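Please keep the sequence and the model open side by side while reading these points. Each one is meant to be checked against the picture, residue by residue.

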Amino acid sequence: MLNRLVYEKGAWTLHMLRGLIGMDAFRSGVRDYYQQYRGRNATTADFQRVMEQHSGIELGWFLNQWLRRPGMPAVDGGWTYDASAKQVRISIRQTQSGAAYRLPLEFAIDGDQVERVEMNSKEAAFAFSAAKEPSAVRLDPNTWLLTNGTFDKR
């Protein structure tokens, strides 16, 4: 089945990898990968090995879910503010069929406070300190994640 996702998912996967391991490790890994395999055949395992060497992060889970699993995650979530606890409370769930994706998530609270968490189940809840009720909370403010879904104030 050919659709936009088939053509765009590879580029999105590289973009998400850059967000996961950081720009410096990504650039040095890609540079090293090209130097090692220029003019030769290479496999995903070769790419994984080089990127793991440069990032110090095990990437098998990441490449498996994004390169070998069809589709993409879908999320539905929202946030509330608990004034007595001075916390932003977030609830989020993955609504795609099948198993949960392992998702590195970012939430921006009023734009200047960015919180990073990992979601590895179909449903999760997070709480973050906030002295006052934020005017906005955004999921994935830096657009690192390939996903469909909704996220709003509840």
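1. A place to begin is Thr 13, which is buried because its relative accessible area is 3%, and burial here requires a value under 20%. This is a predicted model, and the values in this note should be read with that in mind. Thr 13 sits in helix α1, which covers residues 4-21. If residues up to four places away in sequence are set aside, Thr 13 touches Phe 62, Trp 66 and Leu 67.

2. It helps to step back to the whole chain, which has four helices and seven strands. Read from the N terminus on, the order of these elements is α-α-α-α-β-β-β-β-β-β-β. The C-alpha trace spans about 60 × 35 × 20 Å along its principal axes. Of the 154 residues in the chain, 39% are buried, while the chain exposes about 9000 Å², with carbon and sulfur atoms supplying 50% of that area.

3. How far apart in sequence are the residues that meet in this fold? Among contacts between residues at least 6 apart in sequence, 61% join residues that are at least 24 apart.

4. Helix α2 deserves a careful look, and its length can be checked by a simple calculation. The helix has 15 residues, residues 23-37, and at 1.5 Å a residue it should span 21 Å, which agrees with the 21 Å that separates its end C-alpha atoms; the expected span takes 1.5 Å times one less than the number of residues.

5. Which residues of α2 are buried? They are Ala 25, Phe 26, Gly 29, Val 30, Asp 32, Tyr 33 and Tyr 37. These residues lie on the same side of α2, because they cover an arc of only 170° around the axis. On the other side of α2, Asp 24, Tyr 34 and Gln 35 are exposed. The helix is followed by Gly 39, whose phi is positive, near 75°.

6. The largest nonpolar core holds 38 residues, and the members that touch the most other members are Ile 90, Leu 105, Phe 107 and Phe 126. Helix α2 gives this core its largest share, five residues. Phe 107 can be followed in the model through its contacts beyond four places in sequence, which include Ile 90, Val 114, Val 117, Phe 126, Phe 128, Leu 139 and Phe 151, as well as Gln 113, Glu 115 and Arg 138.

7. Ile 109 belongs to strand β3, residues 103-109. Is Ile 109 buried or exposed? With a relative accessible area of 3%, Ile 109 is buried, since the limit for burial is under 20%. Leaving out residues up to four places away in sequence, Ile 109 touches Val 88, Glu 115, Phe 128, Pro 134, Ala 136 and Val 137. For one of these partners the separation can be given in two ways, as Ile 109 and Val 88 are 21 residues apart in sequence and 8.4 Å apart in space, C-alpha to C-alpha.

8. A last point concerns Asp 82, which is found in strand β1, residues 74-82. Outside the residues up to four places away in sequence, Asp 82 touches Gln 87 and Arg 89. With Arg 89 there is also a polar contact, in which the side chains of Asp 82 and Arg 89 are joined at 3.1 Å.

Notes. Residues numbered from 1 in each chain as written. Predicted model: local features only at pLDDT ≥ 70, side-chain atom pairs only at ≥ 80, totals over all residues. Heavy atoms only, no water. Helix = DSSP H or I, 4+ residues; strand = E, 2+ residues; numbered from the N terminus. Buried < 20%, exposed > 50% of the residue type's maximum accessible area, 1.4 Å probe, protein only. Arc of directions from axis to C-beta. Polar contact = N/O pair within 3.5 Å; in protein donor to acceptor, adjacent residues only side chain to side chain. Contact = heavy atoms within 4.5 Å. Areas by Shrake-Rupley, 256 points an atom, 1.4 Å probe, with all protein chains shown as cover. Core = buried A, V, L, I, M, F, W, Y, C linked by side-chain atoms within 4.5 Å.
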